[in-house]
Amino acid sequence: MKYVLAKSIGEALGALADAQGKGRVISGGTDLTIDMEEGKISADVLIDVTQIPEMKEIRIEGDELVIGASATLTEITHNPLVRRYFLSLTKGTGCIGSLQIRNSATLTGNVVSAQPAADGGMAVAPLNPAYVISREGAEDKKLNTQEMYAGFGRTAIDPHNEMVKEIRIPLPKENEASSYVRLELRKSLSLPMLNVAAMAGATGGEVDWVRITMGPVGVGPVRARHAEEWLAGKKLNWKNMAEAGNMALLDAKPRSNPLRGSREYREATLPILVRRALEDIATQLGVKYEKEG
Amino acid sequence: MREKISFTLNGVFMETDVDPDVRLADFLRDELHLIGTKIGCKRGECGACTVIFNGKAVTSCLVPVMRADGAVIETIEGLAEGDKLHPIQEEFINHGAVQCGFCTPGMIMSAKALLDENPNPTPTEVCEALGGNICRCTGYKKIQEAVLAAAERMRKGW
């Protein structure tokens with residue numbers, strides 16, 4: 001196998017094109033090395049993008065937060081810009097795997113691996129991110145969350161010819177907030193039994209719009225469309241948040257997992273997680289509500 | 001085809017040629033014979049292979065050896081100075097934080113990475129830093145106590 005330590009995006013894309021379908025981009029490598037060891041993925045050329053300075057950057061550009069595809073989860077979790085605008089994302093990236101994993105792994109990798117309960121992929125999903133995809137000799141293209149996920153463990157990226165260059169997230173307005181919650185057996189080295197992320201805009205305690213994503217209840221982060229539509233225009237109070245939690249089940253198809261909970265258990269707890277995610281948003285936006293029941 | 005790389009290992013600059021297919025953990029053990037770095041799961045889930053890579057604790061079983069080019073790497077072998085053990089090593093012994101010992105090098109390297117960045121960690125911060133290191137025999141309480149004791153000693157100078 002040939003291993004290319006690329007120093008620029010141009011060099012990386014050139015090496016990927018030169019490999020003629022037998023190359024793969026490696027960043028954190030915490031999933032890819034295991035998949036290669038197990039024979040699930042093979043490559044004649046690995047193109048390492050961890051030493052490309054602009055792919056490590058986390059910056060504000062216009063009204064967007066830009067996270068380079070090679071920024072590690074630790075770098076994202078501790079970045080002051082991410083903390084300032086999207087504390088929910090720092091919660092998501094900060095609970096993946098273990099510290100050793102987070103010191104190598106990337107948010108982009110967490111998305112590209114496309115596991116339905118991935119903490120990072122889930123936390124970023126409702127933030128309306130654009131994934132910027134680069135390919136040799138072509139204009140960059142942008143995929144949104146829905147376009148990104150193509151099946152269980154699959155994304156729409158052609159890994160032999162394309163790579164994610166960066167993630168661009170619109171900055172929140174003053175009346176917008178996001179949240180991330182997970183249900184877990186243990187904090188380190190475990191995928192969550194369930195996770196929910198949300199983002200909403202509210203005026204005078206009334207929901208203007210809301211995006212709710214949840215997993216593992218389908219392919220990638222699944223939108224709770226029924227709950228979102230129902231909650232728009234309503235007060236962000238306890239009863240409505242709880243009802244939105246119940247309605248989330250209309251879009252969720254959880255399966256039983258011997259380690260991470262039965263379908264029945266997940267169906268019983270998902271509404272509570274959705275309600276908690278909405279409560280967190282209400283708290284951040286200063287919306288006061290009385291707990292009931 | 002073997003490739004030439006250079007890196008700093010335990011304070012010593014080295015140039016060598018490597019097989020690009022190999023992971024850092026295997027390279028350290030099989031080619032440099034630094035067998036203090038253990039290999040448990042080879043999936044990044046047990047922490048036995050933890051080394052400090054450019055100042056950060058990483059599971060070396062998941063690091064392609066080519067990425068070591070230009071890196072500064074610390075392994076358990078670099079901690080003691082001659083016969084004098086590092087305070088973290090001494091406190092692991094003093095607190096009975098070692099039983100079979102297989103996880104110990106990884107635990108100690110995670111602890112060192114923590115104390116290099118944060119000389120005065122809380123018990124919770126120790127748990128977070130060592131959360132990726134699995135021990136099947138000692139239990140974690142003595143390990144946590146050993147790290148906190150080492151931190152206290154190191155703050156006083158050693």
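How many bridges join strand 6 of chain A to strand 7 of chain A? There are 3 bridges, and the two strands run antiparallel. The model is predicted.

**The sheet of chain A**

Strands 6 and 7 of chain A belong to an open sheet of 5 strands. The strand order is 4-5-10-6-7, with antiparallel pairing. Strand 4 (58–61) and strand 7 (141–143) of chain A are the edge strands. Each has a single partner strand, so one side of each lacks a neighbour in the sheet. From one strand to the next, the twist averages 30 degrees.

**Strand 6 and its partners**

Strand 6 of chain A covers residues 130–135, and strand 10 of chain A covers residues 162–170. These two pair in the antiparallel sense over 6 bridges. On the other pairing, strand 6 and strand 7 of chain A form a hairpin with 5 residues between them. A:Gly137 sits in that turn, and its phi is positive, about 75 degrees. Residues of strand 6 and those facing them include the following.

| Residue | Opposite residue | Strand of the opposite residue |
|---|---|---|
| A:Val132 | A:Glu166 | strand 10 of chain A |
| A:Ser134 | A:Met163 | strand 10 of chain A |
| A:Tyr131 | A:Leu143 | strand 7 of chain A |

**Helix 2 of chain B**

Helix 2 of chain B spans residues 87–94. Its buried residues are B:Pro87, B:Ile88, B:Gln89, B:Glu91 and B:Phe92. Among the elements covering these buried residues are helix 3 (104–117) and helix 5 (141–155) of chain B. B:Gly96 follows helix 2 of chain B, with a positive phi near 60 degrees.

How values were computed:
Residues are numbered from 1 along each chain as its sequence is written. Chains are lettered from A and ligands numbered from 1 in the order in which they are written. This is a predicted model: local features need pLDDT of at least 70, side-chain atom pairs count only at pLDDT 80 or more; totals for chains, interfaces and linings use all residues. A residue is buried if 20 or more other C-beta atoms lie within 10 Å of its own, exposed if 12 or fewer, and partly exposed in between; C-beta atoms are placed from the backbone. Helices (H or I, at least four residues) and strands (E, at least two) are DSSP runs, numbered from the N terminus. Two residues are in contact if their C-beta atoms, placed from the backbone, lie within 7 Å. Two strands pair if DSSP finds at least two bridges between them. Axes are lines fitted to C-alpha atoms, for helices over the stretch in contact, and angles run from 0 to 180 degrees between N-to-C directions.
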